[in-house]
Amino acid sequence: MRDDLGPHKGLRELSPGGDSGSGATGASRDRVLSTRAMGAVWLRRTLILLGVSACVVGCSAAGWLGGTLGGVVGATSNDHCDRRYIADGGNNGPFCQEIVDTVAGGQFQDDCRTKFQAETGDGRCTRTGVIAGCKNKKVNDDKSEVWDWYYDVSGLEIEAGVEAGALFPNAPKTVADVNARCIDLKRYEDGAELANP
C-alpha cells in the first residue's frame, strides 16, 4: 500500500497483487477506483447544481421581493395641504402648499391636518384662482420639491359674508405681492423663487 495517497486522497489504492483480505486484483482495483471516483464526481456535480439552483431560485425570489417592496417603499407621490379650507380652530392662509415626488406623502398630509386642521389630499394644488406661487429652494432629504400657491381669496370672503381681508388679512392680491412673500427670508429661510401657474 502507498503512503502518499496522491490525487485520490481518501481512496485506497491497491497493489497489483492485491491486499490481504481484500481479494481485489488489478482489474477490480480499476473498477473500485472508477466507481469511487465517479461517485465523488457525481456528488460534487450534484452539490454544485443544487447550489446554483438555490441561488437562481433565491436570487429570483429576492429580486422579485426587492422589486415589489421597492415599488411600495420607494414610491413617490404628490400631495397638497390647502390652508384656505380649515376646520374650526385651524390656522388658515391664502395658499395651498404642494409637495412633489415625495416619499413622505402620508406624513405631509398628517402634519397638515394636525398642525393646521387644513384640507389635504393626493395630487397637486388646483391652479384655479391662483395669482402666483413660490417655489421653495430648501433641499429636502428625499429630493422632493415644494411650492406654495397663493390664491385670490376675495370670492371666499364674499361667500362667507365678511369684509375683504377679514378671513385672510394681508392676503396677496397681485403677482408683485406674491413675489414679496417669495423673497421674504423670514418666510422662506432658504429662499424661494416666483413661480407662475
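## Exercises on side-chain pairs and burial

D110 and R113 both belong to helix α2 (residues 105–116), where they are 3 residues apart, about one turn of the helix. The model is predicted.

**Exercise 1.** Determine what joins the side chains of D110 and R113, and classify each residue as buried, partly exposed or exposed.

Solution.
- Step 1: the two side chains meet in a salt bridge, at 2.8 Å from N to O.
- Step 2: the relative accessible area of D110 is 40%, and that of R113 is 39%.
- Step 3: buried means under 20% and exposed means over 50%, so D110 at 40% is partly exposed, and R113 at 39% is partly exposed.

**Exercise 2.** The structure holds 4 salt bridges. Locate the partners of the one between R127 and E98, and compare their burial.

Solution.
- Step 1: R127 and E98 meet at 3.0 Å, N to O.
- Step 2: R127 lies in the loop between β3 (118–122) and β4, while E98 lies in strand β2; the pair links distant parts of the chain, 29 residues apart.
- Step 3: R127 has a relative accessible area of 28% and is partly exposed, whereas E98, at 0%, is buried.

**Exercise 3.** Repeat the analysis for the salt bridge between K135 and E145.

Solution.
- Step 1: the N to O distance is 3.3 Å.
- Step 2: K135 is in strand β4 and E145 in strand β5, 10 residues apart.
- Step 3: K135 counts as buried because its relative accessibility is 19% and the cut-off is under 20%. E145, at 33%, counts as partly exposed.

**Exercise 4.** Find the aromatic pair in the whole structure and classify its geometry.

Solution.
- Step 1: the search returns 1 aromatic pair. Its members are F95 and Y150, 5.4 Å centre to centre.
- Step 2: the planes are 45° apart, and the pair is therefore tilted, since stacked requires under 30 degrees and edge-to-face over 60.
- Step 3: F95 is in strand β2 (residues 95–102) and Y150 in strand β5 (residues 145–151), 55 residues apart. Both residues are buried.

**Exercise 5.** Which residues of helix α4 (residues 175–182) are buried, and how are they arranged around the axis?

Solution.
- Step 1: the buried residues are V178, R181 and C182.
- Step 2: they cover an arc of only 105° around the axis, so they lie on the same side of α4.
- Step 3: the cover over the buried residues of α4 includes β4 (130–136), β5 and β6 (192–195).

Terms used. Residues are numbered from 1 along each chain as its sequence is written. This is a predicted model: local features need pLDDT of at least 70, side-chain atom pairs count only at pLDDT 80 or more; totals for chains, interfaces and linings use all residues. Side-chain values use heavy atoms; hydrogens and water are left out. Rings of Phe, Tyr and Trp (its six-membered ring) pair if their centres lie within 6.5 Å; planes under 30 degrees apart count as stacked, over 60 as edge-to-face and the rest as tilted. Helices (H or I, at least four residues) and strands (E, at least two) are DSSP runs, numbered from the N terminus. Buried means under 20% relative accessible area, exposed over 50%, partly exposed in between (1.4 Å probe, protein chains only). The arc is that of the directions from the helix axis to the C-beta atoms. Contact means heavy atoms within 4.5 Å.
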